[in-house]
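Hello,

Here is the structure I promised to pass on to you. Please open it beside this message and follow along as you read.

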Amino acid sequence: MGLSTHVLDTMHGCPASGMAVQLYATSHSQITLIKAFTLNLDGRNPDGLLLTTDELAVGTYRLVFDVASYFKARGTALPEPSFLNQVSLDFGVANPEQHYHVPLLVSPWSYSTYRGS
């Protein structure tokens, strides 16, 4: 089933189109960039899954969302420094045969996430 993400801009009530995201594998003190991408008009990876079932492995991962740059590009007035700059979500994959969906709901002042379906 693989790994996916979806970002919703709760300030404007729309997908976070154009937000830059990076996916890393994390293991102890080693962090390895797997891919970097920009969200499409639906707030998703334009290539679909971030990792397929065959690519997804048991372990820990990190998604980094460039929140401040996204809101600045939308013309949102932010203080310097911004309250949220990059949002990093560290999560674990225990069963790569299952689907792991990591959504982010974000504004310049808050965010939430959960394991989606």
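Below is what I found in it, going from the whole chain to single residues.

First, some ground rules. This is a predicted model, in which local features need pLDDT of at least 70 and side-chain atom pairs count only at pLDDT 80 or more, while totals for chains, interfaces and linings use all residues. Residues are numbered from 1 along each chain as its sequence is written, and side-chain values use heavy atoms, with hydrogens and water left out.

**The whole chain**

The protein chain has one helix and eight strands, and from the N terminus they follow the order β-β-β-β-β-α-β-β-β. Its radius of gyration is 14 Å, close to the 13 Å that the globule rule gives for 117 residues, so the chain is as compact as a globular protein of that length. (That radius is taken over C-alpha atoms, and the rule is 2.2 Å times the number of residues to the power 0.38. Helices, H or I with at least four residues, and strands, E with at least two, are DSSP runs numbered from the N terminus.)

Along the principal axes, the C-alpha atoms fill a box of roughly 40 × 30 × 20 Å. Of the 117 residues, 40% count as buried; buried means under 20% relative accessible area, exposed means over 50%, and partly exposed lies in between, with a 1.4 Å probe and protein chains only. The chain exposes about 6200 Å², and carbon and sulfur atoms supply 53% of that area (Shrake-Rupley method with a 1.4 Å probe; for residues, only the protein chains shown count as cover). Among contacts between residues at least 6 apart in sequence, 61% join residues at least 24 apart, where contact means heavy atoms within 4.5 Å.

**The strands**

One open sheet has four strands in the order 2-1-7-8, with mixed pairing. Its edge strands are strand 2 (14-15) and strand 8 (111-113), each of which pairs on one side only. Two strands pair if DSSP finds at least two bridges between them. Strand 7 (residues 99-106) and strand 8 run antiparallel and are joined by three bridges; in one pairing, Val-106 has Tyr-111 of strand 8 as its bridge partner.

Elsewhere, strand 5 (residues 59-66) runs antiparallel to strand 6, with eight bridges between them. Tyr-61, for instance, has Phe-91 in strand 6 as its bridge partner. Strand 6 is a nice one to look at, as its side chains alternate: Val-87, Leu-89, Phe-91 and Val-93 point to one face and are buried, while Gln-86, Ser-88, Asp-90 and Gly-92 point to the other and are not.

**Salt bridges**

Side chains of opposite charge can pair when their charged atoms come close. This structure holds four salt bridges, each being a side-chain nitrogen of Lys or Arg within 4 Å of a carboxyl oxygen of Asp or Glu. One of them joins Asp-9 to Arg-74, with the closest N and O atoms 3.8 Å apart. Asp-9 lies in strand 1 (residues 2-9) and Arg-74 in the loop between helix 1 (67-73) and strand 6 (86-93), so the pair ties together parts that are 65 residues apart in sequence. Asp-9 is buried, at 1% relative accessible area, whereas Arg-74 is partly exposed, at 40%.

Another links Arg-44 and Asp-42, at 2.8 Å between the closest N and O atoms. Glu-80 and Lys-72 form a further one, at 2.9 Å; here Glu-80 is exposed, with 64% relative accessible area, and Lys-72 is partly exposed, with 42%.

**Two residues to click on**

Asp-9 deserves a second visit. Its side chain makes a polar contact with the side chain of His-12 at 2.7 Å. (A polar contact is a pair of N or O atoms within 3.5 Å; within protein, one must be able to donate a hydrogen and the other to accept it, and residues adjacent in sequence count only if both atoms are side-chain atoms.) Leaving aside neighbours within four places in sequence, Asp-9 is in contact with residues including Cys-14, Tyr-70 and Val-106.

Then try Asn-45, in the loop between strand 4 (30-38) and strand 5. Asn-45 counts as buried at 5% relative accessibility, and its side chain reaches the backbone oxygen of Leu-49 at 3.4 Å.

Happy exploring!
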